[in-house]
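Please look over the chain shown below before reading on, and keep it in view while the text moves from one region to the next.

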Amino acid sequence: MYMPTRRGFLAAGMLMMLARPLRAAPKPVTLIVPYAAGGPNDNFARLLAEGMSAEIGRPFIVENKPGANGIIGSSQVARAPADGSTLLMGGSGPVSLNILLRPALQYGFDSFASVAMLFDGPLTITVPPEMGVNSIPELVAYAKQEGRPLTYGSLGPGSVTDLYGLILSKALGIPLIAVPYKSTPASLIDLITGRNDLSFMTPIALADHQKAGAVKILSLTTDHRDPALPDVPCITELGYPQLKASYWTALHAPKGTPGELVQAYAAAAIKTVRTESFRRMLVTNGQTEKADGPQALDAQLEADRQYWGKVIKDNQIVLG
């Protein structure tokens, strides 16, 4: 009679384990970033993906889909299956402004499910030092004395920087003309050299130049100061609440994504953005933490319809 040995028992156990179907690995979540790799948004996305993966227990893969002012990446997410496998790290430009400016766009506000607000940041009102302008009233006086439209660098028609020039022009009663640029560095050079009178770049693009005296930031366009620029006032404390504006970044999913997944992603994103490492990156890049759930993002989209939508409609701006 055959008596199985200990080695036989082990071999039989191994065979049984091998015969069992392997447990399927969790399906990865693709986080689409509608910007090129290597920039601040890409860095934020990778830290966000790492944190959300740890919270959710699924791999999160960052995929850069730059081009067409964020339309390429945003369109991909709008068309993606609503199964929780695809998210968009969207924002003011890729979502709100594109939708408000482009009637023929292949996606709209109702193409996405709001997941979470992440963070936002201010613009600046900046001039070359040789203008001798040190405040908003002095800017108005300078424009009237010059008797010509002042020029400002923008990142193209319909960009936040372009539209903010229209807001400033109307609020202060001074004529402004936008000069479009393909990149911030090119616009910065022409500001420093005095070829342009104004700029509405982000503080992070100007902080070192401000400290070196190469530019003069008159104000930030939000209701709080930037810790990196403690001496620069914000626009509300100067008495111009109508000039308050910011650009934001958020998390979107395809419309129809199950609510329980949206809530789980929102909780993971909020927890990640509120970590010390993420907050340090926000401060370094001149951003402010605004981590909140789907309702906060819905409210932001509605605010954009009212704020930017009015500017676009009043100025009859339509892009193809």
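A good place to begin is helix H4, whose buried residues are Ser 92, Pro 94, Val 95, Ser 96, Leu 97, Asn 98, Ile 99 and Leu 101. The model in which we see this helix is a predicted one. Because 8 of the 10 residues of H4 are buried, this helix is largely enclosed by the rest of the structure. Among the elements that cover the buried residues of H4 are helix H3 (71-79), strand S3 (86-91), helix H6, strand S10 (246-254) and helix H11.

With that helix in mind, it helps to step back to the whole chain, which holds 11 helices and 11 strands. Its C-alpha trace spans about 110 × 40 × 30 Å along the principal axes, and buried residues make up 48% of the 320 residues. Among the contacts with a separation of 6 or more, 75% are between residues 24 or more positions apart.

One general idea prepares us for the interior: in soluble globular proteins, nonpolar side chains tend to be buried together. In this chain the largest nonpolar core has 35 residues, and those with the most contacts inside it are Ile 125, Leu 139, Tyr 164, Leu 168, Leu 172, Leu 198 and Leu 243. Two or more residues of this core come from each of helix H4 (92-101), strand S5 (124-127), helix H5 (136-146), strand S6 (150-154), helix H6 (160-172) and helix H11 (294-314), and the largest share, 6 residues, is given by H6. To follow one member of the core in detail, take Leu 168, which touches Ile 125, Gly 173, Leu 176, Leu 198, Phe 200 and Leu 243 when residues up to four places away in sequence are not counted. Apart from this core lies another, made of 30 residues, which include Met 52, Ala 253, Ile 270 and Phe 278.

We can now return to the surroundings of H4 and ask about single residues, starting with Gly 70, which is placed in the loop between strand S2 (60-64) and H3. Is Gly 70 buried or exposed? Its relative accessible area is 2%, and because buried means under 20%, Gly 70 is buried. Setting aside residues up to four places away in sequence, Gly 70 touches Pro 34, Pro 94, Asn 98 and Tyr 107, and of these Pro 94 and Asn 98 are among the buried residues of H4. Gly 70 and Pro 34 are 36 residues apart in sequence, yet their C-alpha atoms are 4.8 Å apart in space.

Ser 74, which has its place in helix H3, is also buried, with a relative accessibility of 0%. Leaving aside its neighbours within four places in sequence, Ser 74 is in contact with Leu 88, Pro 94, Tyr 107 and Phe 112.

Gln 106 offers a contrast to these buried residues, and it is found in the loop between H4 and strand S4 (112-122). At 71% relative accessibility, Gln 106 counts as exposed, because that word is used for values over 50%. A polar atom of the side chain of Gln 106 lies 3.2 Å from the backbone oxygen of Ala 104. The C-alpha atoms of Gln 106 and Arg 79 are separated by 9.3 Å, although these residues are 27 residues apart along the chain.

The last part of the tour concerns empty space, for rolling a probe the size of a water molecule over the atoms shows where such space is left. The largest pocket holds about 1,300 Å³ of space, and of the 50 residues that line it, Tyr 35, Asn 41, Leu 155, Thr 184 and Tyr 247 are the closest to its centre. Which element gives the largest share of this lining? The answer is H4, with 6 residues. By type, the lining of the largest pocket divides into 25 nonpolar, 23 polar and 2 charged residues.

The second largest pocket holds about 370 Å³ of space, and it is lined by 17 residues, of which Asp 120, Lys 244, Ser 246, Trp 248 and Gln 300 lie nearest its centre. Two or more residues of this lining come from each of S4, S10, strand S11 (288-292) and H11, with H11 giving the largest share, 6 residues. The lining of the second largest pocket divides into 7 nonpolar, 4 polar and 6 charged residues.

How values were computed:
Residues numbered from 1 in each chain as written. Predicted model: local features only at pLDDT ≥ 70, side-chain atom pairs only at ≥ 80, totals over all residues. Heavy atoms only, no water. Core = buried A, V, L, I, M, F, W, Y, C linked by side-chain atoms within 4.5 Å. Buried < 20%, exposed > 50% of the residue type's maximum accessible area, 1.4 Å probe, protein only. Helix = DSSP H or I, 4+ residues; strand = E, 2+ residues; numbered from the N terminus. Contact = heavy atoms within 4.5 Å. Polar contact = N/O pair within 3.5 Å; in protein donor to acceptor, adjacent residues only side chain to side chain. 1 Å grid on protein atoms, 1.4 Å probe; cavity = no way out; pocket = protein on both sides within 12 Å on 5 of 7 lines; lining within 4 Å. Points joined across faces, edges and corners; volume = space filled by probe spheres on them. Nonpolar A, V, L, I, M, F, W, Y, C, P; charged D, E, K, R; others polar.
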